[in-house]
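Colleague: I would like to learn how strand pairing is read from a model. Could we go through it step by step?

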Amino acid sequence: MFEKIKGHEQVVFCNDEETGLKAIIAIHNTSLGPALGGCRMQPYASVDEALEDVLRLSRGMTYKCAAADVDFGGGKAVIIGDPAKDKSPELFRSFGQFVESLNGRFYTGTDMGTTPEDFVHALKETNCIVGVDEVYGGSGDSSIPTAHGVIFGLQATSQVLFGTDNLIGRTYAIQGLGKVGAKVAEQLMLAGAKKIIVADINPLAILEVQSLAEKMKTEVEVVNGDEIYGVKADYFIPCAFGGILNDRTIDQLQVKAVVGSANNQLMTEENGVLLKNKGILYAPDYIVNAGGLIQVADELYEPNKERVLRQTKAIYTSLLNVYKRAEDGGLTTVEAANSFCEQRMKSRARRNSFFSHMKRPKWAVRI
Ligand code: NAD
């Protein structure tokens, strides 16, 4: 078992027969601060499968937090169960009690299969919950800063490709017009996009973007499903789901760069090499989509949207650093991003321990 959890600081199995809670909390690394990561609920086929998932996801959060420069480390939780059948207020209160037992070492909130409302129940048992609605003291919709982050990512990429961070006059292909994708589309129209090519399985989402484009006098082309991979555009912006950059789709891409919010866009790390060899600049997803994380991490310091926006802007410089590191070292951008995070963790290790977080006065404001 210890071989399996090598590299992780702590793994907690949570079992409550009364509420039916079966969960695993994995704390990967707290050298930058307490672990932060969402809680997924899924009907995993086995405890082993759930463990694999939580170990992988919590490790990813360590890198994501380091890249976003929030004073948190990486963690994640999984609840084994069917979100459609197995939820109850008591189950989430029980989960909250397990989180509380970690005494500030782990902060969590919603992820696949869970909603902010589920965590309102957990919040009754612990303060270590982030991302609930504003009426419960949380910071609300995280897709706003996430969409801003995508725009900053596009500007940094434009700087490398075209020597300007102006997004005017380019063609953008967006996959997924949900909470993030629709906001990105709107901001691109405001920035003077020449054309936006979109794909979504939800006809309502398409209609909304079409009607906005009509008002803004921006050309929009709608394509069906997989056709989005083969369209000719300057940028491909994945905002739907993961695993979309694979051998099959990369072969079809006719863009200069990929910059989007979807998590885990690369099917495998080798697909990063494929993109590099094809001359397509890939903005690592966890750098670009950190706006939501920055917002929830900021909740510890009292909500302040201006401060969140300011910190989200740093995605621009982080991405430029990653591109330079990749260029100088002959690395893929993912390799460069990972080494950038590892260096940051090493240089700041133990300077933001969770104890200093817990002791920080409520009125303390981040700079
Ligand atoms: P969402 O569920 O609101 O939107 C996803 C959109 O993708 C929907 O409109 C859906 O109809 C569409 N879609 C689904 N299948 C599709 C397909 N085959 N082809 C085209 N479109 C398809 O999700 P969201 O909050 O906008 O997040 C988008 C992505 O960004 C997700 O991968 C999410 O994990 C990631 N992300 C989101 C946030 C956030 O703050 N919301 C933060 C970080 C990462």
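Modeller: Two strands are said to pair if DSSP finds at least two bridges between them. This model is predicted, and in it strand E7 (residues 171-175) and E10 pair in the parallel sense over four bridges.

Colleague: Which residue of E10 does Ala173 stand opposite?

Modeller: Ala173 stands opposite Phe236 in E10, and Phe236 also has a bridge partner in E11, namely Val258. E10 is joined to strand E11 (residues 257-258) by two bridges, and these strands run parallel; there, Tyr235 stands opposite Ala257.

Colleague: What is the strand order in the open sheet of six strands?

Modeller: In general, the strands of a sheet pair through backbone hydrogen bonds, and the pairing is either parallel or antiparallel. Here the order is E9-E8-E7-E10-E11-E12, with parallel pairing, and the edges are strand E9 (219-222) and strand E12 (281-282), each of which pairs on one side only.

Colleague: Which helix lies in the β-α-β unit with E10 and E11?

Modeller: Helix H7 (residues 247-252) does, and the unit that E10, H7 and E11 make is right-handed.

Colleague: Are the residues on the two faces of strand E10 buried or exposed?

Modeller: A residue counts as buried when its relative accessible area is under 20%. By that cut-off both faces of E10 (residues 235-238) are covered, since Tyr235 and Ile237 on one side, and Phe236 and Pro238 on the other, are all buried.

Notes:
Residues are numbered from 1 along each chain as its sequence is written. This is a predicted model: local features need pLDDT of at least 70, side-chain atom pairs count only at pLDDT 80 or more; totals for chains, interfaces and linings use all residues. Side-chain values use heavy atoms; hydrogens and water are left out. Buried means under 20% relative accessible area, exposed over 50%, partly exposed in between (1.4 Å probe, protein chains only). A crossover is right-handed if, with the strands pointing away from the viewer, the path from the first strand over the helix to the second runs clockwise.
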